[in-house]
Amino acid sequence: MKYYLTTPIYYVNSTPHLGHIYATSAADTIRRFRRMQGYEAILTTGTDEHGQNVERAAKAVGKTAQQFADVVTAEWRRQWDALGIQYDRFVRTSDPVHHETVRWLFERCRERGYIYKGSYTGQYCFNCELYVNDAQPGDPCPDCKRPTETVTEENYFFKLSAFQDQLLELYERDPDFIRPETRRNEVASFVKSGLQDLSITRTSIQWGIPVPVEGKHVFYVWFDALTAYITGVKNEDRWPADLHLIGKEIVRFHAVYWPAFLLAAGLPLPKRIFAHGWILFEQDKMSKSRGNVVRAEPIQKVVGIDGMRYFLFREIVFGQDGSFSYDALVGRYNSDLANGLGNLSSRTLTMIGKYCQGILPGTFDAGIGNLAAQVIEQTVQCYEKLEFSKALEAMWSLQAAVDKFIVENKPWELAEKGDPESRARLDRTLATAAEALRVVAVLLHPMLPDSTAKIWRQLGQVSPLEGERIDQLVWGGLATGQRIGKTEA
């Protein structure tokens, strides 16, 4: 079974901040989850390196555009590796292989009559690399609010207007094509208001992929960048993508322009586009211009990669905007991880070491087992729907039930009594707690890979945790009689 998902192709005007890490960690989680279902899951990410902004930024620091892109792209890759992001393809839009794919898509669209030469005079936002329809000279860009500039140039146009009815029919026929529903409604409303043909080349800039036509045309950034999703798996029989994971600010490009390009080229459409919300810091979207960018590495040094991932997935409903604060991060870490999962793991394994000579005891409690079966089903369903916060709620309900179970049975008192009945209750209590840890470790692994791997080793499990099958997870699978590993915090 194959599964293909993508992050956005990130623009190299800056290095990653917490918003980028949120999106990419979500993609990493989905990839891990699908692999634990038995899929051959492939994740493509990469960098969008062309355009006027990169030319300007490179000139400002005395570098060529390619040199500037090389430096910034290397930092993106370094951070993904440092944060444990598992990706399979990294596409750079400056790569010659990608250039070939973009030209191939252009020729397919042109052969089918959807591209023509024209000229355009209008307002252009150089920051967003976007023509602003119906704007007057000096009007602000609707996205970034910076002043637009008047531009006249010869372009090649894509007949976007020809796809209005097909796109609306697509949204109606397949409501899951764009998620969440609020984004689908926004996109449908935009398309219903009327689509105008789209300029897909530029002659006013040099840093871009040359178009196979006469003159000095280079490809417009969105025709270039979106095609990277095909470049990532070209000649691998993996297209179409099962999921494009993007930020809500670029949903129009992915849910209107991209499917139109593919329809024009006679290519299959992606199966699903999911637009997540923004992470707000002090009530504003993070951006370099506002000076409110939160970086991941200082957070990682304090609470670790998993602590940061847990906060983002638990605190923010995926698909909606969410707020970040350092106080909330520390509060979640202490209450849910250190004093919650960490404490349950530490005391369960410590008691097994103390009262059972480090050997996992036998029988499991049926009541906790019934709850665990429900939690397994709920968690898998939540992963399928990208409801990460609800998945964590379900897992933590099992943890809370086990905490209560331990308190009610008081294993420390049962160990002192020493009679056969007390011994049986002690073994059942600790075995049940250990089995619950096993179940939680498997379910939680896609989101918190490092912490769950530590719990797994401490439970004495020798098979790799990432090789466990979530879709085959059942209560009672812990191999009793096995020696646990060294207990650590």
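This is a short exchange about helix α9, the α1 and α12 pair, and methionine 36 in a predicted model.

Trainee: Why is methionine 36 called buried?

Mentor: Its relative accessible area is 1%. Buried means under 20%. Therefore methionine 36 counts as buried.

Trainee: Where does methionine 36 lie?

Mentor: In the loop between α1 and β2 (40-48).

Trainee: Which residues are in contact with methionine 36, leaving aside its neighbours within four places in sequence?

Mentor: Among them are Val442, His445, Pro446, Leu465 and Ile470. Take isoleucine 470: 434 residues separate it from methionine 36 along the chain, yet their C-alpha atoms are 5.6 Å apart.

Trainee: What makes α1 oblique to α12?

Mentor: The axes of α1 (residues 18-35) and α12 (residues 366-384) cross at roughly 125°. Roughly perpendicular runs from 65 to 115 degrees, and roughly antiparallel starts over 145. The angle fits neither class, so α1 is oblique to α12.

Trainee: Which residues meet there?

Mentor: Thr29, Phe33 and Arg34 in α1 meet Val380, Tyr383 and Glu384 in α12. The axes come within 11 Å, and the crossing is left-handed.

Trainee: How do you know that the span of α9 is close to the expected one?

Mentor: α9 (residues 251-265) has 15 residues. At 1.5 Å a residue, 21 Å is expected, and α9 reaches 21 Å from its first C-alpha to its last.

Trainee: Where does α9 bend?

Mentor: At tyrosine 257, by about 25°. Proline 259 follows within four residues.

Trainee: What makes α9 mostly covered?

Mentor: Of its 15 residues, 13 are buried. Glycine 266 follows α9, with a positive phi near 70°.

Definitions and conventions. Residues numbered from 1 in each chain as written. Predicted model: local features only at pLDDT ≥ 70, side-chain atom pairs only at ≥ 80, totals over all residues. Heavy atoms only, no water. Helix = DSSP H or I, 4+ residues; strand = E, 2+ residues; numbered from the N terminus. Expected span 1.5 Å × (residues − 1). Bend = angle between axes of the 7 residues up to and from the residue. Buried < 20%, exposed > 50% of the residue type's maximum accessible area, 1.4 Å probe, protein only. Axes fitted to C-alpha atoms, helices over the stretch in contact; angles between N-to-C directions. Left-handed = near helix turned anticlockwise from the far one by under 90°. Contact = heavy atoms within 4.5 Å.
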